[in-house]
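Here is a brisk tour of selected residues and the pairings between them. Keep the sequence and the coordinates at hand.

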Amino acid sequence: MATSSDSEKKQVMVIGIDDSEHSVYAINWTLDHFFAKNPSFKLVLVHARPSATSAVGFAGPVYAGAAEVLPIVDSDLKKIAARVLENAKQICIKNNITDVVVEAVEGDPRNVLCEAVEKYHASVLVVGSHGYGALKRAVLGSVSDYCAHHAHCSVMIVKKPKTKH
């Protein structure tokens, strides 16, 4: 039997965020299409922050001075994450969204988002599509494709419309 607290408990929607225009579009589109009409979800915005070692590792082979560079890279990554979170908070404030959790988690976006779905028992995961071509997607991998196959909830992929010339 459902109690009154069960019926009042909001479902959770996780939105993956980063510093791309695709991410900002996905947040705005989701708020416009879901929260403007039906604010029945608790919103969780999650930014996956790469580790300094993975960021330096992508730049090339590990070199002798890497240990000195890591703290600088880590500081820059933390600043980027803070900016991403602040931008997301401002979008929520502008849209009068108050029931929101905003967090940065170190790790690969694929794993971070799927783990956030589990952590918050999300009903929906929203990710923006970067619109990569087949070759770039094959090399980098697609976060949205991975999440669509591995997240234990419904996954909505928001694509920014292509501009017509």
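The structure holds nine salt bridges. The model is predicted, and every value below is computed from it. Side chains of opposite charge can pair when their charged atoms come close. Three of the bridges are set out here.

| Salt bridge | Closest N and O atoms |
|---|---|
| D99 and K10 | 3.4 Å |
| D74 and K78 | 3.2 Å |
| R110 and D108 | 3.1 Å |

Take D99 and K10, whose salt bridge has its closest N and O atoms 3.4 Å apart. D99 sits in the loop between α4 and β3, and K10 sits in the loop between α1 (4-8) and β1 (11-17), so the pair ties together parts that are 89 residues apart in sequence. How accessible is D99? D99 has 26% relative accessibility, so it counts as partly exposed. K10 is partly exposed too, with a relative accessible area of 34%.

The salt bridge between D74 and K78 stays inside one element. Both residues lie in helix α4. They are four residues apart, which is about one turn of the helix. K78 has a relative accessible area of 45%, so it is partly exposed.

R110 and D108 pair through their side chains, at 3.1 Å from N to O. Is R110 buried or exposed? Buried means under 20% relative accessible area, and R110 comes in at 19%, so it counts as buried. D108 is partly exposed, at 31%. Elsewhere, salt bridges that share partners join R49, D74, K78 and E106 into one network.

**Two buried positions**

L45 belongs to strand β2, which covers residues 41-49. Its relative accessible area is 0%, so it is buried. Which residues does L45 touch, not counting those up to four places away in sequence? They are I15, I17, A88, C92, V100, V101, V102 and E103. E103 is 58 residues from L45 along the chain, yet their C-alpha atoms are separated by 6.4 Å.

S23 is found in helix α2, residues 21-35. It is buried as well, with a relative accessible area of 4%. Leaving aside neighbours within four places in sequence, S23 is in contact with G16, I17 and D18. What lies 3.0 Å from a polar atom of the S23 side chain? It is the backbone nitrogen of D18. I17 appears in the contacts of S23 and also in those of L45.

**Two loop residues with positive phi**

Most residues other than glycine have a negative phi. N96 has a positive value, near 55°. Where is N96? It lies in the loop between α4 (66-94) and β3 (100-106). With 67% relative accessibility, N96 counts as exposed.

H121 also has a positive phi, of about 55°, although it is not a glycine. Its place is the loop between α5 (109-120) and β4 (124-129). Is H121 buried or exposed? Exposed means over 50% relative accessible area; H121 has 66%, so it counts as exposed.

**Back to the loop between α4 and β3**

This loop holds N96 and also D99. N96 is exposed, at 67% relative accessibility. D99 is partly exposed, at 26%, and its salt-bridge partner is K10.

Terms used
Residues numbered from 1 in each chain as written. Predicted model: local features only at pLDDT ≥ 70, side-chain atom pairs only at ≥ 80, totals over all residues. Heavy atoms only, no water. Buried < 20%, exposed > 50% of the residue type's maximum accessible area, 1.4 Å probe, protein only. Polar contact = N/O pair within 3.5 Å; in protein donor to acceptor, adjacent residues only side chain to side chain. Contact = heavy atoms within 4.5 Å. Salt bridge = Lys/Arg side-chain N within 4 Å of Asp/Glu carboxyl O.
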